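Let's take a walk through this structure, one stretch at a time. Have the sequence and the model side by side as you read.

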Amino acid sequence: MADAVVRILLDNLVSLLESEGRQLLEFDDRFEETTQELKYMRSYLKDADQVKIKERNETFKTIMRDLRELVYDTEDVIADCHLQFHKKDQGCAPNFISYCSPALLKSRRQMGKRLVETNKKIKEVQGKMKSYLQTAPRQPGKDEDVGNMGMTYPILMHEAEMVGLEDDSTKIINWILEADGPSMVIGIAGMGGIGKTTLAQKICDSGRVKDSFRYLLFVTVSQSFKLDELLKKMLGKLNVEEGSMRGKDVRDLLERLKAKLDDKYLIVLDDVWETDKNRWWESLESALPKVSGSYVILTTRNEEVAKSMGAAGRHIHYPQTLSKEDSWSLFSKVAFARTGGKCTNPDLEGLGKEIVARCGGLPLTIKVVGGMMLGKSDSIHEWRRISKHLKEELGIDKKDELIISRLQLSYEELPAHLKPCFLCFAMFPEDFEIYVPDMVNWWIGEGFVWGKNGKTAVEIGEERISELFNRFLILGVVKDTFERSYVWCKMHDMVRDMVIRIAREESFFVRLDCGGSPAFSEQSRRLGIVGNTAVESIRNSPTKLRTSVGMDIQSIEMIASLKAKLCEVRWLRVLSLSLSDRNLDGNMAYSDWLGGLGSLQHLVYLKIERSSALRSLPDSIGNLRNLRILRLFNCPNLKRLPVSITTLEKLTAIQILECRSLECMPERLGKLSNLENLEWFNPVNKNGSGISELKSLTKLRELWMEIKSVEEIEEGEWNVLSMLQHLQILSLDFGGISVERDGVVRKIEGELSPPLKSLRELYLSNWPGERTPAWLSPTSLPNLQFLYIHEGGMREMGPRFWDGESGVWKVEVLVLQFLYELEEEWQRMRRAMPSLRLLKVWECPKLQSFPFDVTDRYEKKWRKEEEDSGLRLKGVAKEVEEEEAATGAVKEEEKGDKFYSLAREEEGDKFYSFAREEEGTSIQEISSE
């Protein structure tokens, strides 16, 4: 296994040199030599992959380290050459005098010297690698990557999570629902990877459980946590705004929690390691009201922890390893997801069962190994090779070691393009919830993903994320509004331990936190900063950093150190900073902390979030000629963006969220012709960009627009949207309009011509009219699949909404929220949207005949697949009734038409009966007499 990053960067370098190197005419011969030498190096790397893992000694590691540094340095040299070339091209006229200026001649001589030195180093490393590979033992070669796993299989993956948990979840649900008394603690105890968290999630997802509790909270505790942060997470799930918790101490938060839990609750505390850490459980328990029928469920690896928190022995559940049958079922749902969870190749079944037998019945291991085999397709050679590898490790007896060895194998078997992407997750703290688009942006910034084959870099990055989900190397936390994919994720702690160890072996990153100051080396190219780490550590960090990720940075000293450091890390590609600077608001020493930003001329991705002190970006941001992604989140006092942003020709994404003081985009926004993603745009006609600027942004795929003033919309301007024929996602928010609502409707309610054929998603918030606009029709939006309508005084859907003569809605998911005046009928909606598979409604009390209680204050859902399943069950029930009636086997235990017996199999003193209901169908468990 060669270094994870080296192969992907080496491929990128060769491609870059072949496509653009000849532009740099003054370095043509040396670039040609560099390109050829790197191609030779790439072939050596393929041979290095075949060296047996056990034979990869210190010599091999040293060669890989030298090669890694060489690739990094080569990329930096080439990036500097490109920067110098474009400076020459843009900064002065291309004439003889400019080419022969002393400054440029000196710069070219320096660049030429660096290229000569680089080529010399490449040959030296080549010699070492060639000598080593001639004597190193080999292993059977892997097949090249088999296809792309970017496609997800959500139904099978969901089913996989449930295998083997039915009896366990039923047992604990019965404990919860049958007891009638004071609040109780229930424990789920077992080793890592046994399925404790999955079981707890299944319990919370049960409809019987959801209907029994007013409040249901699921929070992760983990080894390193702070009680105040845990309380804030709990309060956040109770819809307490983040701003109202700022500056509150633990006592205040405990009192707030106690006041909020005014009814029956179920709280899950996942991954609890100890209870005596600052006596946190004693404090938390004091804030939990003794409401009858309320419960706390905790998951832990140590049963003594459960007992110390008050779980009685008879209320501690110990999950067991899976049976042979359940193990194969789980493996099949993952490894054979492409074929519906069934093995269709008889030659693979025997090998598959050999592989499963060596997973020890551990769900985590089976899922990860199954995900690994999903990437092998039907290659008998690959399946046999993996089975043989696992057989060689039969001596592993301890379950923990078994999991670690299987996780290690899953990493080694990752395709080359996934390894650096996966290693990035090592940067984050335990149980840290990661925003998926941020991770994709990081990968783009470092060059781990590129657009190709007609797909954008973002689309390729999303495919990489899907592949990691499919392999169960990352876990989903929160799905998007339309429940298609996860937008927040995290890692299982055992997977995280594995990836951290590998990342450290490959000098992939260094993370600074309160735990201490690790030793740096020049090989450290990625720096993670968590919380209030030592200021000296930041000052002493390497200058060749490519990525710096800061999380929860708080002190003025740390920020001052970062300001100084920005002037040193000139090859930085990714700068991602999440601050907690509320106490620094107004501090003059802090106001210009981004002063060194303009020196980061290789920067590709810039993110700043949670900064109340940030009021503007420096004009020097215009120096960042390579910047492609700018993300600003929750900077409430940010008021302006400099006009120099519009000179950044490579910019493809501007993502601005929760920056409520920002008034508009700077003038001449239309100059950003490569922009694909514009997540916030407030059109203005003076001292900013109006809607007309959008017509130049013909590559836009995603647009989030906020309309604050009717005066900023000219007659006929609205149809500019129809020019954006690549637009796939559109969000329109009219919440800023407080007057002239009729004027707004008149200007922007007409049809769009030509139609927006590429639009797939529409978010419409605070629409000022009583009817939906005329352009919200299957004629104007013929391929719309996902529709979200939120707030406003809307009373009905407009006539064009129901117009089926020119086209039929293709909407698959419809979300309606806080539409208190909307009066529409369910069956009419279903007829208009025949493809509808998911409906979500929250507080729309005047809707009529919908398949749930629309007056409920909580979100309600309807799924077509569940309705179809209910109809199938009704059909089965009727067949069973008719058959038993014909044979005289049915006793008249239930007269009338309420119950139909489905099964008479005894389970203790209970059996299952089918309940026929007016709307939908359910299976209920009832006691036999």
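What follows goes from a sheet to a helix, then to a single arginine, and ends with the cysteines. Keep in mind that this is a predicted model.

Start with the sheet. It is open, has 3 strands in the order 6-8-7, and its pairing is antiparallel. Strand 6 (434-435) and strand 7 (475-479) sit at the edges; each has a single partner strand, so one side of each is left without a neighbour in the sheet. As a reminder, strands of a sheet pair through backbone hydrogen bonds, either parallel or antiparallel. If you zoom in on strand 7 and strand 8 (residues 486-490), you'll find 4 bridges joining this antiparallel pair. One spot to look at here is Lys479, which stands opposite Tyr486 in strand 8.

Now step back along the chain to helix 21, residues 457-470. Does its length come out as expected or not, and why? At 1.5 Å a residue, its 14 residues should span 20 Å, and the end C-alpha atoms are indeed 20 Å apart, so the two values agree. The helix is mostly covered, with 11 of its 14 residues buried. Among the buried ones are Ile460, Ile465, Leu468 and Phe469, but also charged side chains such as Glu463, Arg464 and Glu467. Right after the helix comes Phe472, and its phi is worth a glance: the angle is positive, near 60 degrees.

Next up is Arg496, which lies in helix 22 (residues 493-505). Is this arginine buried or exposed? It's buried, yet it has no salt bridge. The nearest side chain of opposite charge belongs to Asp497 and is 4.4 Å away, while a salt bridge calls for a distance within 4 Å. So what does Arg496 touch, leaving aside its neighbours within four places in sequence? Its contacts are Phe428, Pro429, Glu430, Met491 and Arg511.

Finally, the cysteines. How many disulfides does the structure hold? The count is 0, with the cut-off for a sulfur pair set at 2.5 Å. Take Cys424: its closest cysteine sulfur is in Cys421, 6.4 Å away, which is too far for a bond. Cys424 counts as buried, at 0% relative accessibility. For Cys635, the closest cysteine sulfur is in Cys659, and at 4.6 Å that is too far for a bond as well. Cys635 is buried too, with a relative accessible area of 0%.

Definitions and conventions. Residues numbered from 1 in each chain as written. Predicted model: local features only at pLDDT ≥ 70, side-chain atom pairs only at ≥ 80, totals over all residues. Heavy atoms only, no water. Pairing = 2+ DSSP bridges. Helix = DSSP H or I, 4+ residues; strand = E, 2+ residues; numbered from the N terminus. Buried < 20%, exposed > 50% of the residue type's maximum accessible area, 1.4 Å probe, protein only. Expected span 1.5 Å × (residues − 1). Contact = heavy atoms within 4.5 Å.
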